Amino acid sequence: MSEITNEIKKRRTFAIISHPDAGKTTLTEKFLLYGGAINHAGSVKGKATAKHAVSDWMEIEKERGISVTSSVLQFHYGGYCINILDTPGHQDFSEDTYRTLMAADSAVMVIDASKGVEAQTRKLFKVCVMRHIPIFTFINKMDREAKDTFDLLDDIEKELGIATCPMNWPIGSGKEFKGVYDRQKKEVELFSDTHKGTSVGEVKKLDANNPELDWILDTQARVTLEEEIELLDGAAAEFDQELVSQGELSPVFFGSALTNFGVETFLKHFLAMTSSPLPRMSDQGEIDPMTEKDFSAFVFKIQANMNKAHRDRIAFMRICSGMFEAGMPVYHIQGGKDVRLSQPQQMMASERKMIETAYGGDIIGVFDPGIFSIGDTLTTSKDKFTYEGIPTFAPEHFARVRQVDTMKRKQFVKGINQIAQEGAIQIFQEYNTGMEEIIVGVVGVLQFDVLKYRLQNEYNVEIKLENLPYEHIRWIENKEINLDKLVGTSDMKKIKDLKDRPLLLFAHEWSIRMTLDRNKDLKLSEFGQS
Ligand code: G4P
């Protein structure tokens, strides 16, 4: 096996998803602790340091104390090279989060044991399902009073439509939390406080038949455990690696990230069950990192003005095959020419650092002089293939944008186009009006504030936003449809995107069905392709 293939095989690239506050940051930090990337828990958790240092260009983020941007962390553990794609925790920035999922080979879903599946998880999950990537569940905060374990699993199965397979089983919760039972090894991992989770502690494991357990678990706890395991063995889906790989079965683990309990067990199992970088679809068929020798990558995120003084843009790309070397020329398919990727960088724990080499599975950020768009392909292959585009996620809020000072039209058009190109907003036009009447669509309302702030600060343009009542957007798939003859509803509006593709906006969901009923040939899609 070549050195490059060997390196790629070691890669595990996954996204961590959760509803805000479920414990994503805490779990990530504990992973880093086990990987030796940090030696004391608490250094990443200080939200004011790590996450914000990456994106201190945006005052809104600081003001509101939320994390807007996603970051990528790399560390090593047990012979693996792990890339974690952290995703913004605030629901208002879920479009970026959605895109980040496009760069991952699997997802770890963190669920708060006292809450179960929450809104944010549900949305992100849809994207994972769409991509058929494996999903691993970590049910967190077992040291707090939790919902009934069977109810939690039911919740995941019903809400997310995926089968679950508990790999271990909690014994009690909250003050009565004693540990977890490993179903395969039939042993109990005992809960203990590892210095409030600040260091890697000793974990005590006892065989289920060990009499010592009688000292630790009272009769009631033992009976409950036995009954629950019996019920589980009869009712739950069996572990099936094939189904896990297809994203149809989610292995479930229980623990408490804060106290460091169950984290290493989860990490070990998860790394063994998830896959190395997966093949990706291109216009010339599947590109498999195990057979494709040449470098290839696609851009999944663009971040502007990370350093306000330099007005730079960073394009984040997922390497899909081969090896990357700093300064090497690569062909930019959409631009139609060779480019040198300069200032390649990676996030290591909490700092940005320049890198010399990277391999399939890795995420790198490169300096972007304004030539890249989301979804672009770069490769050194003679075949010049293009990776499948990244879907445009349906915005849920719309507003009409007007310039306050029409003299600044040029800056306005440039600014709004650039911000749209980064994928922070989507812009649309009404039929029969010029660029002065623009409709902006966003996934979360906070993005309107970001748009206003950035146009003002970076382009010196003041805008007024008039909220529109629409909440649903559908791209018209069959282009031959005569728009003038379309029989719509009173709450429907026809618009087009920047590529002149026709779209429909609706205020109510039922109007979509009604419109489809009234126009039998009409085909609508929730996702556009970028
Ligand atoms: P997020 O990234 O998903 O938004 O969640 P984060 O890790 O920031 O955790 C949210 C809160 O939940 C934090 O408390 C964190 O300490 C707590 N937490 C995380 N895992 C566990 C766990 O296993 N058990 C318990 N009991 N709590 C947990 P906070 O008070 O909001 O922040 P802080 O004051 O601790 O920094």
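Author: Let's start with a definition: two strands pair if DSSP finds at least two bridges between them. Keep that in mind as we go through this predicted model.

Reader: Fine. In what order do the seven strands of the open sheet come?

Author: The general idea first: strands of a sheet pair through backbone hydrogen bonds, either parallel or antiparallel. Here, the seven strands of the open sheet follow the order 2-3-1-4-5-11-6, and the pairing is mixed. Strand 2 (72-77) and strand 6 are the edge strands, each pairing on one side only. From one strand to the next, the twist averages 30°.

Reader: How do I read one pair of neighbours, say strand 4 and strand 5: parallel or antiparallel?

Author: Look at the sense of the pairing and count the bridges. Strand 4 and strand 5 pair in the parallel sense, over six bridges. One place to look is Asp112, whose bridge partner in strand 5 is Asn140.

Reader: And what packs on this sheet?

Author: Helix 7 (residues 149-160) does, touching strand 5, strand 6 and strand 11, and its direction makes about 150° with that of strand 6. Helix 11 packs on the sheet as well; it touches strand 1 (11-18), strand 2, strand 3 (80-86), strand 4, strand 5 and strand 11, and its direction makes about 160° with that of strand 11.

Reader: Strand 11 keeps coming up. Which strands join it through bridges?

Author: Strand 5 (residues 135-140) is joined to strand 11 by three bridges, and the two run parallel. In that pairing, Ile139 has Phe254 of strand 11 as its bridge partner. Strand 6 (residues 163-166) is also parallel to strand 11, with four bridges joining them. There, Cys165 stands opposite Pro251 in strand 11.

Reader: Why is strand 11 described as largely enclosed?

Author: For burial, count neighbours: a residue is buried if 20 or more other C-beta atoms lie within 10 Å of its own. Six of the six residues of strand 11 (residues 249-254) are buried, so the strand is largely enclosed by the rest of the structure. You can split them by direction, too: Leu249, Pro251 and Phe253 point one way, Ser250, Val252 and Phe254 point the other way, and all are buried.

Reader: Now the other sheet. In what order do its four strands come?

Author: This open sheet has the order 7-8-9-10, and its pairing is antiparallel. Strand 7 and strand 10 (205-207) stand at the edges with a single partner strand each, so one side of each is left without a neighbour in the sheet. On average, neighbouring strands here are turned by 25° against each other, direction ignored.

Reader: Can you walk me through its pairs?

Author: Sure. Strand 7 pairs with strand 8 (residues 179-182) in the antiparallel sense over four bridges, and Asn168 stands opposite Asp182 in strand 8. Strand 8 is in turn joined to strand 9 (residues 187-190) by four bridges, again antiparallel; Gly179 has Leu190 in strand 9 as its bridge partner.

Reader: Are the faces of strand 7 covered or open?

Author: Both faces of strand 7 (residues 168-171) are covered: Asn168 and Pro170 on one side, Trp169 and Ile171 on the other, are all buried.

Reader: How do I read two helices against each other, like helix 2 and helix 11?

Author: Take the angle and the distance between the axes. Helix 2 and helix 11 (residues 263-273) pack at about 80°, their axes 10 Å apart. Angles of 65 to 115 degrees count as roughly perpendicular, and these two helices are therefore roughly perpendicular to each other. Leu27, Lys30, Phe31 and Tyr34 in helix 2 meet Val263, Glu264 and Leu267 in helix 11. By class, this contact has five nonpolar, no polar and two charged residues.

Reader: Which residues come nearest to the ligand?

Author: Of the 17 residues around the ligand, those are Gly23, Lys24, Thr25, Thr26 and Leu258. Helix 2 (residues 24-34) supplies the largest share of the shell, three residues. The shell divides into four nonpolar, seven polar and six charged residues.

Reader: Last one: what is unusual to look for in the loops?

Author: Check the sign of phi. Asp500 has a positive phi of about 65° although it is not a glycine. Asp500 sits in the loop between strand 30 (492-497) and strand 31 (502-506), and it is exposed, with 8 other C-beta atoms within 10 Å.

Methods: Residues are numbered from 1 along each chain as its sequence is written. This is a predicted model: local features need pLDDT of at least 70, side-chain atom pairs count only at pLDDT 80 or more; totals for chains, interfaces and linings use all residues. A residue is near a molecule or strand if its C-beta atom, placed from the backbone, lies within 6 Å of it. Ala, Val, Leu, Ile, Met, Phe, Trp, Tyr, Cys and Pro count as nonpolar, Asp, Glu, Lys and Arg as charged, and the others, Gly among them, as polar. Axes are lines fitted to C-alpha atoms, for helices over the stretch in contact, and angles run from 0 to 180 degrees between N-to-C directions. Angles under 35 degrees count as roughly parallel, over 145 as roughly antiparallel, 65 to 115 as roughly perpendicular and the rest as oblique. Two residues are in contact if their C-beta atoms, placed from the backbone, lie within 7 Å. A residue is buried if 20 or more other C-beta atoms lie within 10 Å of its own, exposed if 12 or fewer, and partly exposed in between; C-beta atoms are placed from the backbone.
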